[in-house]
Amino acid sequence: MTALFARHALLPQGWQRDVLLEWDSGGDLTQVAPGARPPLNVARAEYVLPGMVNLHSHAFQRALGGLTETGSEGPDSFWTWRDLMYRFAARITPEGIEAIAAQLFAECLRHGYTSVCEFHYLQRAVDGASYARPAETAERVAAAAQLAGMGVTLLPVLYSHAGFGAQPLTPGQARFRTDVDDVLGIVEALAPLRGGQLEVGAAPHSLRAAGIDAIRALAAGLPAARPLHIHIAEQEAEVAQCIAHTGRRPVAYLLEQLVLDERWCLVHATHLDAAEVTALASSGAVAGLCPTTEANLGDGLFPLAPYIAAGGRFGIGSDSHVSQSPVEELRWLEYGQRLQHRQRNVAHVPAQRSVGDFLWQAALAGGAQATGRRVGALAAGRRADLLVLDAQHPNLDGVDHAEVLGRMVFCGNDNLVRDVLCGGRWVVQGGRHRAQEAIAARYRQALRDLRS
């Protein structure tokens, strides 16, 4: 049994003082006791938070960051970026996938993510052939998560078409090709890896890449309660294509065709009308918001204010990994709304007026639901995933606990995360990941291999 005494800890009921946290060798919290006396010979911390959930990741895209920021002769968009990403994806080996994912996960841990949902669609070899082990690349991501100490939900992707109407895949999409049996086979192959630090769900890529009958079959074939994620309504062009093909907007169509519930995460869902906002909020599904990627790609702004008012659940993801910081995702989420509505302090509810606290706690709850894992809160029975903040940093000097998250999210760009416990193991201490140098060396070699 291992323990930590926190002068201030963010529990499900809010900030509490003098909290004793204990966890077992399996990485589960066994006791979270506020109002405790500090035991002898137990480590102490001033401010402790639950680790954040990153509910949407394409790990391999971490190596593409910053390489697509040059204007072309015509207007650039998501679709021009996608063409560049396809060419990049065609060059990555399984070894490269593992090295890039480990670097990403180590970075995410240092910034306060302790769980990630990996929306994994690089399933095949460069020529489109299946690997000898069809789950080869997913297993590489799992190995990277184990090396870094990151909790992960693997989501092998159903990707069968290039567009609405079952358009055939292009050569650039050959590595992504899967049908329902392929995905369920990968899910089964990954079953022995399931445990406290790893869950396995599935992800229809999008309505344009997977037909509704196949999505329905995948949902039925996946074991009960496993998470299901899907990209949806990210781009206005996608919305127009869906209307042309089905007569309905994407989220409305999905809600009509399937019973969406707590196991579903709708990633992006950027372009919703008022009826879709209400219906999605009522479904119990999570909206997976990725503000830095959505900004980088010029997607648009999610209708956050009416969605919160309708009681909708949401979480955050770093998606293409132009940022690995949950603070930056939450800041962009709020600031985008301020720019759109030309007002301040948009994301709050009557029971929680602090924007920083509301965003952190809401993203924790939605992200935890999207993982299908016991994370997202400092409570007995949950995973021992927590952040110790640097109480000596000037931004936190002398602040009241009620001001901590406001300072963390909206004051400066220094990383205030000092130590990170994930699955009951200290993976970051003093701001450094335990395997930072070795992971970075492998990542640099992977980049050299890509350039060559």
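**Figure 1. The largest pocket holds about 320 Å³ of space.** This is a predicted model, where local features need pLDDT of at least 70, side-chain atom pairs count only at pLDDT 80 or more, and totals for chains, interfaces and linings use all residues. Residues are numbered from 1 along each chain as its sequence is written, and side-chain values use heavy atoms, with hydrogens and water left out. Lining the pocket are 17 residues, and Ala142, Ala145, Gln146, Met150 and Gln197 sit closest to its centre. Here a pocket is an open set of points on a 1 Å grid over the protein atoms alone, with protein on both sides within 12 Å along at least five of seven lines, and a lining residue has an atom within 4 Å of a point. Grid points are joined across faces, edges and corners, and the volume is the space filled by probe spheres set on the points. Helix 3 (136–148) and strand 16 (425–429) each put at least two residues into the lining, with helix 3 giving the most, four residues. Helices (H or I, at least four residues) and strands (E, at least two) are DSSP runs, numbered from the N terminus. By class, the pocket lining splits into nine nonpolar, five polar and three charged residues. For that split, Ala, Val, Leu, Ile, Met, Phe, Trp, Tyr, Cys and Pro count as nonpolar, Asp, Glu, Lys and Arg as charged, and the others, Gly among them, as polar.

**Figure 2. The largest cavity has about 190 Å³ of space inside.** Searching the whole structure turns up three cavities of 30 Å³ or more; a cavity is a set of grid points where a 1.4 Å probe fits but cannot get out. Around the largest one are 21 lining residues, and those nearest its centre are His58, Phe78, Tyr121, His205 and His231. Helix 1 (78–89) and strand 10 (228–232) each chip in at least two lining residues, and helix 1 has the largest share, with five. The lining comes out as nine nonpolar, seven polar and five charged residues.

**Figure 3. The second largest cavity has a volume of about 70 Å³.** Its walls are made by Gln61, Leu64, Gly65, Gly66, Thr68, Glu69, Trp81, Asn296, Ser320 and Val322. Six of these residues are polar, three are nonpolar and one is charged.

**Figure 4. Arg62 sits in the loop between strand 5 (52–57) and helix 1.** Arg62 counts as buried because its relative accessibility is 17%; buried means under 20% relative accessible area, exposed over 50%, and partly exposed in between (1.4 Å probe, protein chains only). Leaving out residues up to four places away in sequence, Arg62 touches Ile100, Leu104, Glu107, Ser320, His321, Gln324 and Tyr443. A contact here means heavy atoms within 4.5 Å.

**Figure 5. The largest nonpolar core has 133 residues.** Phe105, Trp264, Leu266, Phe314 and Trp360 touch the most other members. Helix 2 (residues 94–111) gives the most to this core, ten residues. A nonpolar core is a set of buried Ala, Val, Leu, Ile, Met, Phe, Trp, Tyr and Cys residues joined through side-chain atoms within 4.5 Å. Zoom in on Trp360 and, not counting residues up to four places away in sequence, you'll find it touching Leu10, Leu49, Pro50, Met52, Pro326, Leu330, Leu387, Leu405 and Met408. A second, separate core has 16 residues, including Leu4, Val48, Ala384 and Leu421.

**Figure 6. Arg216 and Asp213 pair up in a salt bridge within helix 5 (residues 212–221).** The side chains meet at 2.9 Å, N to O, and the two residues are three apart, about one turn of the helix. A salt bridge is a side-chain nitrogen of Lys or Arg within 4 Å of a carboxyl oxygen of Asp or Glu, and the structure holds 21 of them. Arg216 is partly exposed at 32% relative accessibility, while Asp213 counts as exposed at 56%.

**Figure 7. Here are two further salt bridges, Arg248 with Glu256 and Arg418 with Asp419.** In the Arg248–Glu256 pair, the closest N and O atoms are 2.6 Å apart. Both ends of that pair are partly exposed, Arg248 at 37% and Glu256 at 47%. For Arg418 and Asp419, the closest N and O atoms are 2.7 Å apart. Arg418 is partly exposed at 32%, whereas Asp419 is buried at 10%. Elsewhere, salt bridges that share partners tie Glu95, Glu98, Arg133, Glu136, Glu139, Arg140 and Arg442 into one network.
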